[in-house]
Amino acid sequence: MQDTSWVPLWPEQASTFAWQVDVLYIYLILISIAFSIPIVVAVFVFAIKYRETEKFATPEEMHGSMVLETVWSIIPFVVSMTIFLGGAIVYFNQFNPPDDAMEIYVVGKQWMWKIQHETGQREINELHVPVGRKIKLTMTTEDALHDFFIPAFRTKADVVPGRYTYIWFEPTKPGKYHLFCAEYCGLNHSGMGGWVYVMEQRDFDNWLSGNVSGQTPVEEGRDLFTNKLGCASCHAGGPQQRGAKLEGVFNTDVKLVGGTTVKADEQYIRNSILNPTSQIVEGYQPIMPTFKGQVTEEQLNSLVAYIKSLTPGASTATSTSAPATEAGTANTAPASTTAPRKTDRGKTAAPGSNPNTPNNGSR
Amino acid sequence: MSAHTYSNKFVYHEPGLQHQFEDMGQQEESVSIGMWMFLVQEIMFFGGLFTVYLVFRSKYPMAFAAGSNHLDAFWGGLNTIVLIVSSLTMALTVYYAQISKRNMQVIMIMLTMAFGATFLGVKAIEYTDKYNHGFVPVTGWNKVVRPGAAAEHEELAENKPCYEHAHGEEHAYVNPRGEFQWTDCSLAKQALDHNYLTNAEKIGYFSNGEIDANKFRDKVRIFFWIYFVMTGLHALHMVVGLGLMTWLLWTAFKGRYNMEYYMPVEMSGLYWHFVDIVWIFLFPLLYLLGRHFLHG
Amino acid sequence: MQTQDAIAPDYTERPKLNYLNNGWTVKSWLLTKDHKRIAIMYLVTVSAFFLMGGILAASIRLELLTPASDLFESGTYNKVFTEHGILMIFFFLIPSIPAILGNFFIPIMIGAKDLALPRINLISLYIYWIGGALVLWALMQGGVDTGWTFYTPYSTTFSNTYVMAVGVGIFINGFSSILTGLNFIVTIHTMRAPGMTWFRLPLFVWAHYAVSLVMILGTPVVAITLLLVAIERFARVGIFDPSIGGDPILFQHLFWFYSHPAVYIMILPGMGVISELISNFSRKKIFGYEFIAFSSIAIAVFGFLVWGHHMFVSGQSMYAGMVFSFLTMVVAVPSAIKMFNWTATLYRGSVSYDTPMLYAIGFLGLFLIGGLTGLFLGAMGLTVHLTDTYFVVAHFHYVMVGGQVIAYLGGIHYWWPKMTGKMYSEFWGKISAMLVFVGFNLTFFPQFILGYQGMPRRYASYPEEFQVLNIFSTAGASVLGIGLLMPAVYLFHSLIYGKDAGDNPWMHPGLEWRTTSPPPTENFEVMPVVTWEAYEFGEESGLDIEGARQREAMKV
């Protein structure tokens with residue numbers, strides 16, 4: 001837990017690669033000291049030892065030294081290359097989400113974070129995660145750029161309108177950690193923060209069951225599919241079937257009209273809901289209407305989860321302790337069709353906790 | 001210490017020598033480097049716009065082709081020839097200045113200015129045409145035509161899907177708010193049918209099962225924005241060039257330039273050629289996209 | 001100009017006519033072609049912008065004394081830090097050394113009568129005024145709150161402030177920078193006095209040559225980018241707005257393509273000044289002259305290749321990030337070479353501790369920290385944690401304030417006697433140099449720690465546990481503020497009550513010291529022919545060292 005009176009030099013290490021970032025930091029501090037001490041000592045010693053004894057003296061001429069120049073060009077270059085390599089290795093770890101990560105969806109908007117778990121729980125400005133599980137966040141924003149930053153996990157990523165960005169982490173220590181928005185986004189940028197709660201698996205399951213705010217995404221997705229949005233009328237099978245079969249389709253290769261083949265991943269499903277005629281499955285007519293403007297991002301997530309559940313082996317976990325099959329989400333082209341809603345730029349703070357003001361320090 | 005070089009107070013000044021220079025050679029070298037540096041900077045300036053063009057053309061080639069097809073390559077081509085010939089007359093101006101022929105200089109400058117003015121006149125024709133057809137990408141800056149003005153065509157237009165507006169077909173121009181209008185998305189359909197849409201296009205043109213005319217229009221609007229900003233900036237440079245030519249005409253008429261002193265003519269020539277070269281790049285990139293679509 | 005008999009260069013009686021008293025009318029100043037007068041007018045305007053930016057900085061630090069957003073509403077705070085950045089970067093740092101010291105001294109250092117294109121110089125001053133006036137007008141109307149970086153889509157679609165006006169103001173101001181750079185390149189190529197070869201040029205001139213390359217090539221890109229932002233706001237075009245097909249990251253690429261080289265525009269002239277100060281106050285030629293000269297050019301060139309290091313967490317591809325990180329490491333090496341060469345110059349020199357030298361030594365320490373922390377930010381794994389935190393704020397203040405502003409102050413103090421003919425109070429000069437150094441470190445070093453702790457930047461309110469370090473930082477800011485205000489007072493005081501400085505108070509061999517203080521309008525009574533090497537302190541220099549020593553001894 002963050003202690004308010006003691007000022008430590010760095011945040012707690014609470015994720016599996018936090019120590020790597022700290023090691024890199026310490027390495028750089030040591031290099032900095034190793035370079036600074038000689039220079040500072042040299043400057044002091046020379047400035048004192050060679051201070052002027054006679055006004056307007058003329059010291060002996062000294063030309064350069066090729067040897068010295070070469071040495072002190074090569075050594076900094078080599079050192080900087082080690083820094084580059086170390087940084088690249090850690091970065092590679094930070095930005096390659098593992099396949100078996102639990103997925104959580106994040107939508108940023110001015111000025112709050114909306115978070116939805118696969119199992120249905122929604123949170124605003126708070127993220128509950130179990131310790132020791134790999135967690136992958138699939139994120140986007142409804143309006144301006146924001147940035148999802150958890151100092152204790154040593155990771156962050158901008159959220160960009162019109163596309164998905166990702167971060168992943170595996171928490172190692174139960175506790176309560178700051179969440180900040182780290183990309184300036186307007187009026188309440190400083191207030192757009194929250195807390196990440198890392199819990200023991202048991203506590204997390206308790207929290208989940210105690211806090212289910214309605215259905216799991218799969219259930220909600222089924223509800224939307226069958227009842228609310230009418231997808232079933234074309235996709236449910238039987239003589240009326242006019243739409244492509246969805247059972248067993250997730251993550252397989254789909255042949256499209258025109259001969260190309262695409263992988264039916266999350267982006268494909270999302271695109272099919274928002275832009276149906278951009279990718280027509282071979283053998284079907286381009287008659288599916290678009291649902292752009294009729295489904296929210298959260299509902300899209302639920303629909304994607306439901307359709308995933310129609311494929312055996314894909315993520316159907318209602319309990320988070322079962323490893324979820326990660327569907328490789330492709331980082332596809334930008335330009336989503338969801339129009340960013342122009343949010344009200346009122347003076348009121350967004351709903352949800354604002355832990356960054358002194359009165360709201362703890363929850 | 002230093003050998004004395006006396007101030008130039010009692011030294012003969014060549015005409016046109018600025019006080020900070022020792023001699024004409026230094027002055028000429030300086031203004032030459034200065035003008036080249038200025039042109040390099042202008043290249044970086046237009047370069048930003050070419051980068052934006054590059055990014056959006058890669059994303060939405062069909063919209064760009066559609067927009068480009070509606071630019072009249074005849075006028076654009078004519079302007080290209082006009083500018084190339086004006087560069088010739090400009091080069092001849094410099095030549096005649098170098099051989100101290102005052103009358104020919106003046107004639108050449110006037111011809112250059114005439115061609116420059118022709119260029120601007122053609123641009124005015126083109127821009128007016130855009131205004132009349134609702135291609136200016138700002139609401140309110142197009143010709144306003146209230147509905148009912150050409151009733152029998154209107155109904156026909158409204159019921160057709162946007163990709164069935166074939167080329168050259170006349171349809172009524174109704175534009176009560178003077179906004180940007182685009183009804184012909186046949187190229188998007190063609191690309192869809194033959195399956196060469198880019199990823200961005202697959203998302204960007206479609207909604208509700210069909211090509212969305214409004215979304216396609218938005219992308220064509222980006223093309224027209226780039227068209228107007230780039231040609232507008234270029235035309236602004238042309239206007240500055242004409243101003244420069246006016247000054248040059250006046251001073252040449254007064255006989256200031258001859259084989260000893262013709263640097264201002266040469267520098268003006270450099271500027272003029274630069275404006276010409278920018279157009280040489282603009283013309284094909286804006287006017288000649290997707291010409292093969294026009295032939296069916 | 002009036003004729004004068006040729007006189008020996010260190011004749012101590014000031015001739016009647018110099019550039020300051022050569023004409024007293026307002027018109028003779030506003031329509032001048034004299035690069036020295038233009039430099040002085042820049043000095044006045046630049047100082048005014050520095051003061052405004054400084055007041056905004058003080059406001060930021062006062063707000064951050066407490067965790068809550070209690071001094072300003074967050075909307076106002078957003079405007080305060082935005083305007084602090086815009087005024088400081090575009091209207092203070094970028095013009096500071098080139099437009100003042102560069103304009104004043106480059107012609108003199110190369111032995112010319114003026115810059116190659118004096119009227120262009122005057123136009124660049126007017127453009128600076130016009131751009132600045134437009135921005136100030138917009139600030140008075142209500143200001144901007146987008147951050148000096150104007151990231152889209154916030155600046156194009158969501159901000160309710162005067163983005164277009166400020167964007168256009170910065171656009172206009174950019175041309176002032178471009179024309180200054182253009183002028184320098186032409187001048188350095190064509191106006192050098194006989195005998196002034198490239199490798200006899202002072203390193204100050206080399207640094208400005210490199211800077212001018214960056215100014216000419218980079219500034220037009222930011223000009224067109226801000227113009228596009230203004231157009232997008234005006235007409236909702238769709239270049240940066242994803243809902244109609246645009247790409248917000250395109251803005252970042254275009255913006256940083258200039259703004260990274262811009263930071264080299266800011267630091268290279270400072271490095272040029274430091275080369276002058278270190279060599280002159282050790283009375284030795286700079287160690288490794290050619291290396292410092294070429295490293296300036298290398299920094300200018302490589303600086304164009306690293307813009308993506310501002311975009312590591314913005315959704316850029318991992319591989320692009322690796323390329324930019326690698327190049328960022330490469331661009332650090334020339335700066336390291338300079339640090340070593342400067343330090344080596346002190347070896348076996350004759351080091352004096354005049355105020356300009358105190359600033360120079362301060363620069364060495366502060367730029368060292370600033371540059372090294374740049375490596376922290378170039379290492380990708382680490383920068384993911386550090387981006388958009390106070391670590392970045394501390395880093396860039398170390399290089400820009402600890403580097404550039406300190407070099408600027410050192411240069412102003414060094415050349416003050418030459419520009420004005422007056423000497424300032426050495427006592428107060430030393431005091432303020434030390435106050436600046438101490439205050440600066442106290443202000444910004446805690447911010448490194450805050451940043452690693454996770455405090456994000458551009459926050460009006462922050463969690464309580466960050467307060468202690470913020471209090472240190474604000475305390476340091478008050479010391480820094482005093483240290484920065486003091487020169488304004490004693491320098492101004494010296495104009496009226498200061499002692500006459502003489503032509504060469506430091507007894508340095510540079511060409512600028514071989515003319516009177518202040519110089520005559522045509523810079524030299526007698527145009528020089530250079531027969532000595534750069535930084536020639538020995539007998540070859542022709543300076544009357546003995547005479548100077550005797551005059552020093554006679555001073556009480």
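**A tour of α1(A) and the A–C contact**

Select α1 of chain A to begin: with 32 residues at 1.5 Å each, this helix should span 46 Å, and its end C-alpha atoms lie 45 Å apart, which agrees; the expected span is 1.5 Å times one less than the number of residues, and helices (H or I, at least four residues) and strands (E, at least two) are DSSP runs numbered from the N terminus. This is a predicted model, in which local features need pLDDT of at least 70 and side-chain atom pairs count only at pLDDT 80 or more, while totals for chains, interfaces and linings use all residues. Residues are numbered from 1 along each chain as its sequence is written, and chains are lettered from A and ligands numbered from 1 in the order in which they are written.

Next, highlight the buried residues of α1(A), among them Leu24(A), Tyr25(A), Leu28(A) and Phe35(A); buried means that 20 or more other C-beta atoms, placed from the backbone, lie within 10 Å of the residue's own. Show what covers them, which includes α2 of chain A as well as α10 (318-346), α11 (355-378), α12 (380-386) and α14 (426-453) of chain C.

Now widen the selection to both chains, where 89 residues of chain A are in contact with 87 of chain C, contact being C-beta atoms, placed from the backbone, within 7 Å. On the side of chain A that touches chain C, α2(A) gives the most, with 17 residues.

Finally, colour chain C by pLDDT, the predictor's confidence in each residue from 0 to 100: chain C averages 91, but pLDDT stays under 50 over residues 1-11.

Conventions:
Contact = placed C-beta atoms within 7 Å. Buried ≥ 20, exposed ≤ 12 C-beta atoms within 10 Å, placed from the backbone.
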